[in-house]
Amino acid sequence: MSAPVLQLAGVTRDHRQGEATVQALRGVDLTVSPGELVAVMGPSGSGKSTLLHLAGGLDTPTAGRVVVEGRDLAELSAAQVAAVRRRSVGYVFQDLNLLPSLSAVENVALPLELDGVRGGMARRAAREALEEVGVGALAGRFPDEMSGGQQQRVAIARALVGPRRLLLADEPTGALDSTTGEEVLRVLRARCEAGAAGVLVTHEARHAAWADRVVFLRDGVVVDQSGPAAVAESLLPAGGAG
Ligand SMILES: Nc1ncnc2c1ncn2[C@@H]1O[C@H](COP(=O)(O)OP(=O)(O)OP(=O)(O)O)[C@@H](O)[C@H]1O
């Protein structure tokens with residue numbers, strides 16, 4: 001079996017809120033292998049975003065280990081963690097964060113260029129990523145010349161550009177109509193089939209139905225994990241998700 005792309009082992013994250021300490025995650029174990037898409041569900045405040053931030057090296061655990069492609073993030077320097085984030089992790093935020101002064105293709109090429117990929121090659125990869133999410137024709141447009149849904153697809157292309165092995169998506173379909181939302185899930189799914197590992201935070205059962213497994217969080221604890229059969233039975237609406 002291939003080595004996991006992501007491993008969380010006994011991960012706890014405490015946040016201070018004034019005098020009190022909130023345990024956003026408590027002793028979470030999670031392994032995601034190449035080819036797997038895992039959905040994370042749970043009520044508001046259960047720790048889903050905290051889990052994604054930790055997996056992407058945007059936050060550090062209070063206890064436990066976060067290992068990405070065999071590297072324990074706690075053992076790396078800040079610069080090395082930043083390099084893991086740029087090269088290995090594709091992160092689709094709820095917040096779009098496109099740079100307004102750059103065109104779609106320039107926005108998508110930026111992470112590659114920051115990582116030293118030459119301009120022409122970065123833009124070629126960016127065009128491919130835009131095609132993949134169905135907005136190849138909008139490569140030259142600026143963010144304020146696109147609809148919210150189109151901007152979201154550009155943001156998704158930026159998260160997916162290049163050979164990223166860990167894809168982290170936080171409600172990636174938020175601003176998209178349901179057909180476009182499904183297309184984006186299809187792209188995420190296809191990337192996982194091609195060898196990436198994916199974690200998808202979602203409130204929607206029909207989106208979770210695209211995953212191989214669903215992890216349920218409550219008050220920072222994994223309360224249940226369902227395999228593919230259970231996902232299909234409990235979540236798929238009549239007709240299925242494809
Ligand atoms: N930076 C922070 N400082 C203090 N408390 C925080 C911080 N980030 C998260 N928390 C707390 O940690 C808990 C988990 O938050 P988190 O955002 O991970 O939940 P979530 O499941 O993603 O919620 P939602 O579905 O509403 O986005 C909550 O009680 C939240 O208030």
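A crossing of two helices is right-handed if the near helix is turned clockwise from the far one by less than a right angle. Keep that handy for the exercises below, which work through a predicted model.

**Exercise 1. Get your bearings: how many helices and strands are there, and what share of the residues is buried?**

Step 1. Start with the secondary structure, which comes to 8 helices and 10 strands.

Step 2. Now burial: of the 242 residues in the protein, 43% are buried.

Step 3. Finish with contact range. Take the contacts between residues at least 6 apart in sequence; 69% of them join residues at least 24 apart.

**Exercise 2. Work out how α3 sits against α5: which orientation class do they fall in, and which residues meet?**

Step 1. Grab the geometry. Helix α5 covers residues 148-160, and its axis and that of α3 come within 8 Å, crossing at roughly 25°.

Step 2. Classify the angle. Angles under 35 degrees count as roughly parallel, and α3 and α5 are therefore roughly parallel to each other.

Step 3. Add the hand: α3 passes α5 in a right-handed crossing.

Step 4. List who touches whom. From α3 come A104, N107, V108 and P111, and they meet V154, A157 and R158 of α5. Sorted by class, that contact has 5 nonpolar, 1 polar and 1 charged residues.

**Exercise 3. Do the same for α3 and α4: what is the angle, and what class does it give?**

Step 1. Helix α3 spans residues 104-114 and helix α4 spans residues 119-132; they pack at about 120°, with their axes 8 Å apart.

Step 2. An angle of 65 to 115 degrees would be roughly perpendicular and one over 145 roughly antiparallel, with the rest oblique. So α3 and α4 are oblique to each other.

Step 3. The hand of this crossing is right-handed.

Step 4. On the α3 side, the contact uses A104, V105, V108, A109, L112 and E113; on the α4 side, it uses G119, A122, R123, A125, A126, R127, A129 and L130. Those residues divide into 10 nonpolar, 1 polar and 3 charged.

**Exercise 4. Find which residues of α3 are buried, and what covers them.**

Step 1. The buried set in α3 is A104, V105, N107, V108, A109, P111 and L112.

Step 2. The cover includes α2 (78-87), α4 and α5.

Step 3. Look just past the helix end too: G116, just after α3, takes a positive phi of about 95°.

**Exercise 5. Sort out the open sheet: what is its strand order, and which strands stand at the edges?**

Step 1. The open sheet has 4 strands in the order β2-β1-β4-β5, with antiparallel pairing.

Step 2. Read off the ends. β2 (20-32) and β5 (71-72) each have a single partner strand, so one side of each is left without a neighbour in the sheet.

Step 3. Zoom in on one end. Strand β4 (residues 63-68) pairs with β5 over 2 bridges, in the antiparallel sense, and V68 stands opposite R71.

Step 4. Add the helix: α1 (residues 48-55) lies across β1 (6-17), β2 and β4, running at about 120° to β1.

**Exercise 6. Look at β6: are its faces covered or open, and which strand is it joined to?**

Step 1. In β6 (residues 89-92), V89 and Y91 lie on one side and G90 and V92 on the other; all are buried, and both faces are covered.

Step 2. The partner is β7 (residues 166-170), joined to β6 by 4 bridges and running parallel to it. Within this pair, G90 stands opposite L167.

Methods: Residues numbered from 1 in each chain as written. Predicted model: local features only at pLDDT ≥ 70, side-chain atom pairs only at ≥ 80, totals over all residues. Axes fitted to C-alpha atoms, helices over the stretch in contact; angles between N-to-C directions. Contact = placed C-beta atoms within 7 Å. Nonpolar A, V, L, I, M, F, W, Y, C, P; charged D, E, K, R; others polar. Buried ≥ 20, exposed ≤ 12 C-beta atoms within 10 Å, placed from the backbone. Pairing = 2+ DSSP bridges.
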